[in-house]
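Please read the following report alongside the sequence and the coordinates, which are shown below. It takes up a sheet, the surroundings of a ligand and some annotated spans in turn.

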Amino acid sequence: MAKKQATTKKKVTKKPKTSLKERFTLSRQQKVVLGSFLFFLGIALFFAFISFFFNWKIDQSEISLFPKRTASAKNWLSVSGAAVSDFFIFKGFGISALILPVLISITGIYLFFDLSRKKLAGFWFWGVLVMIWISVVFGFITKENGLFAGVVGYEINDFLQDYIGFIGTVLVLAFLAIVYIVIRLKYTPEKISDSFKKTRKEINKDFKTTQSVNGSKKSQSTTPKEEIVVGQTADLPVTKVSSKTKMQDVTTDVSKNDSKGTVNQHYGNPKIQSDEIPEKLIIKSDSNPDDIAMEVETVVEEEEEVKNLSDKLVKDFGEFDPTLELGNYKFPSIDLLKDYSVQNGGITIDQGELEENKNRIVETLKNYKIEIAQIKATVGPTVTLYEIVPEAGIRISKIKNLEDDIALSLAALGIRIIAPIPGKGTIGIEVPNKKSTIVSMRSAIASSKFQNAEMELPISLGKTISNETFVADLAKMPHLLMAGATGQGKSVGLNAILTSLLYKKHPAEVKFVLVDPKKVELTLFNKIERHYLAKLPDTDEAIITDNSKVINTLNSLCIEMDSRYDMLKLAMVRNIKEYNAKFKARKLNPENGHKFLPYIVLVVDEFADLIMTAGKEVETPIARLAQLARAIGIHLIIATQRPSVNVITGMIKANFPARIAFRVTSKIDSRTILDTGGADQLIGRGDMLYTQGNDLIRIQCAFVDTPEVERITDYIGSQKAYPDAHLLPEYSGEESGTSLDINKSDRDKLFNDAAEVIVTAQQGSASLLQRKLKLGYNRAGRLIDQLEAAGIVGPFEGSKARQVLVTDLIALKQLLDAEL
Ligand SMILES: Nc1ncnc2c1ncn2[C@@H]1O[C@H](COP(=O)(O)OP(=O)(O)OP(=O)(O)O)[C@@H](O)[C@H]1O
């Protein structure tokens, strides 16, 4: 630990961060030099000001000669002192200008000892106010003598008197005095009366004790050493307590070797009252053991300690840097991505094609008696948007209904009509370009919009119809649902998202949990397992290809979610961003279980497959994560080929407001994903619609090919990594063991339901349970084992269904009752 800290310190000093603020902060040496300068300057000014009051008359003529060397003045700081004093006293604030050198000296002391600047600012603020106030007061009292009030005081007073008169000026000055007393000195009427009462009480008490002491003086003098005198610190509160009765249990252990004669006293006896003596008490005595000196260590309040500690730690080591462990990590360079612009030659559209499409649109609409007032074209990478403004009085629904007719007359697939374009008041007709342009991942990553994105998890999805790079924050989504028919660009889309994060986030900041039932799509990411992937402990491969393992991982993520929530609660913050900021500021102690929390992105490539094989067992943790995980930095990206309602259930949909639809085969599928049509009219090859709950945005997905992903993962994989993938919490809930002596208490909650299903159907098969109870295969299999152990079904008989040993529900009830 110590070693680690030492290395941390070393690294920090080696590579200091130079933020703008730091560049303008003074080093320790500079502070000491400037501090001493200001301190002495303050003293010099003070002397100059004082002597000005005695010599100003004599020096008056000399000041006019300044800065000539021949000028000589009586001021203790010669002609410079006289000139400066004249400026601040005569032309400035009068006698109250004496506050100025005091403020300058205090500033010097603050810089010298590096004290809090906030307090210093308070000194200056109130100091200047008081200075002005005093000079105005003097202006008010001594109108004739400019030396006391200075020009400032004189003029302000004059101004006040002109506008609010004599009484008004008195009231304003009195009010300002009250403001100062209440705010700066923090005196309230209650406080003042309290302190009066207190003083009165103390006077009374003192009076009484003097009387009693006088009365008993005689008897005391006859018993000379009744009270122990405790060293020189007798005025400390503890020493006052030290009466003979309380000290009698203290055993004295004189150390002979101690040349100074220090006596260590051990408080072994519980009779000493803890409320009167602080936790740690060191009592020293000089050579005479009777003459004990007591030193009391004051206990510093813990809260302040923590605050100071975090400030000190930040000062000594800088803010916690989660990336330090892989401090030399280099982000992949843009050159690893292919430049398609050479091949593409940028977006090109035939002028003729544009003109042709425009004429056709105008003609088609004319055929249906729709006149157009204006038409405008925006050329995108795959489609061109024709924005039309129809003549007044044309119903929008009429144009919307002509979608197919316009498509027919344009002889083009994938016409989408947006009527009206939200926020524009025009109608959009999207017509695919004859020659589409590939939007390269390189251009999406290199775009300034992505490079300058101040987002938690920025992802560059591609380009919109107006050719702008579309960058979204996954952390804000907070989960993403992707769907599209096979071969329309889902996997490329997933890779684009992952690539974006790899280009923007350090391995310490984000971890991926990848589920890839197709086994081939995400395998390349295996190379960055120890940098970016998270996995369950004791598993070999981080990328999950086996559906049965997904259940464990999802449940483990739920455990991680719960424990993160506990940590957030402990740290009294609301989300991962605030938590990490607090951790970086060293305000959370790692010894209390706090640690820097990386974002976790769960990517499921084929969700339909998962739901089919594991059913509710997968849906429940996914829904739980989707509902709750946003605040603690777990985000889900779920892709599916089959956007049917039994895959994308209501529960899933409700928690995935951000959705991406690639081309789908039917309007119904489009509705399932987007709650509206449109995805069926896309042209494929990365053409997609994105929504985050409201508007639909048509985007051409950035294209990243397998060799490009391979180059990036190779580049990252070849660098120094963590010893292992990020380990998720262990989940040991549902092991798929098949031991038959299953304990009754270990039985599945659905055991009775399962028994009823089996007995009613008289068929002992796991698939029956899967269907009827909507279970995954593993759980159904375990239920069958439990039913076998309970004697409800017979043993495994190969491909045949198991024999059911209980004939009807009444017999089943008897059997289960008998077990109790
Ligand atoms: N953004 C894109 N730009 C250009 N071409 C693309 C884009 N996305 C996909 N394609 C083309 O479509 C092909 C299929 O894409 P992809 O493998 O992503 O489909 P998919 O939806 O994942 O299919 P499946 O579900 O069968 O895996 C790619 O090989 C590529 O040629």
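## Sheet, ligand shell and annotated spans

In this predicted model, four strands make up an open sheet with antiparallel pairing, and their order is E5-E6-E8-E7. Because strand E5 (372-379) and strand E7 (416-418) stand at the edges, each with a single partner strand, one side of each is left without a neighbour in the sheet. From one strand to the next, the twist averages 20°.

At the E7 edge, E7 pairs with strand E8 (residues 427-432) in the antiparallel sense over three bridges, and arginine 416 stands opposite glutamate 430 in E8. Helix H13 (residues 351-367) lies across E5, strand E6 (383-390) and E8, and runs at about 145° to E5.

Turning to the ligand, 14 residues surround it, of which Gly489, Lys490, Ser491, Gly686 and Phe703 come nearest. Helix H18 (residues 490-504) gives the most to this shell, contributing three residues, and the residues of the shell as a whole divide into four nonpolar, eight polar and two charged.

The UniProt record, an unreviewed entry, places the feature "transmembrane region" at residues 32-54, 88-113, 120-143 and 163-183. For two of these spans, including residues 32-54, the table gives the computed separation of the end C-alpha atoms together with the helix and strand content.

| Span | End C-alpha separation | Helix | Strand |
|---|---|---|---|
| Residues 32-54 | 34 Å | 100% | 0% |
| Residues 88-113 | 28 Å | 81% | 0% |

Terms used
Residues numbered from 1 in each chain as written. Predicted model: local features only at pLDDT ≥ 70, side-chain atom pairs only at ≥ 80, totals over all residues. Pairing = 2+ DSSP bridges. Helix = DSSP H or I, 4+ residues; strand = E, 2+ residues; numbered from the N terminus. Axes fitted to C-alpha atoms, helices over the stretch in contact; angles between N-to-C directions. Contact = placed C-beta atoms within 7 Å. Near = placed C-beta within 6 Å. Nonpolar A, V, L, I, M, F, W, Y, C, P; charged D, E, K, R; others polar. UniProt positions renumbered as here; feature names shortened; annotations may be inferred.
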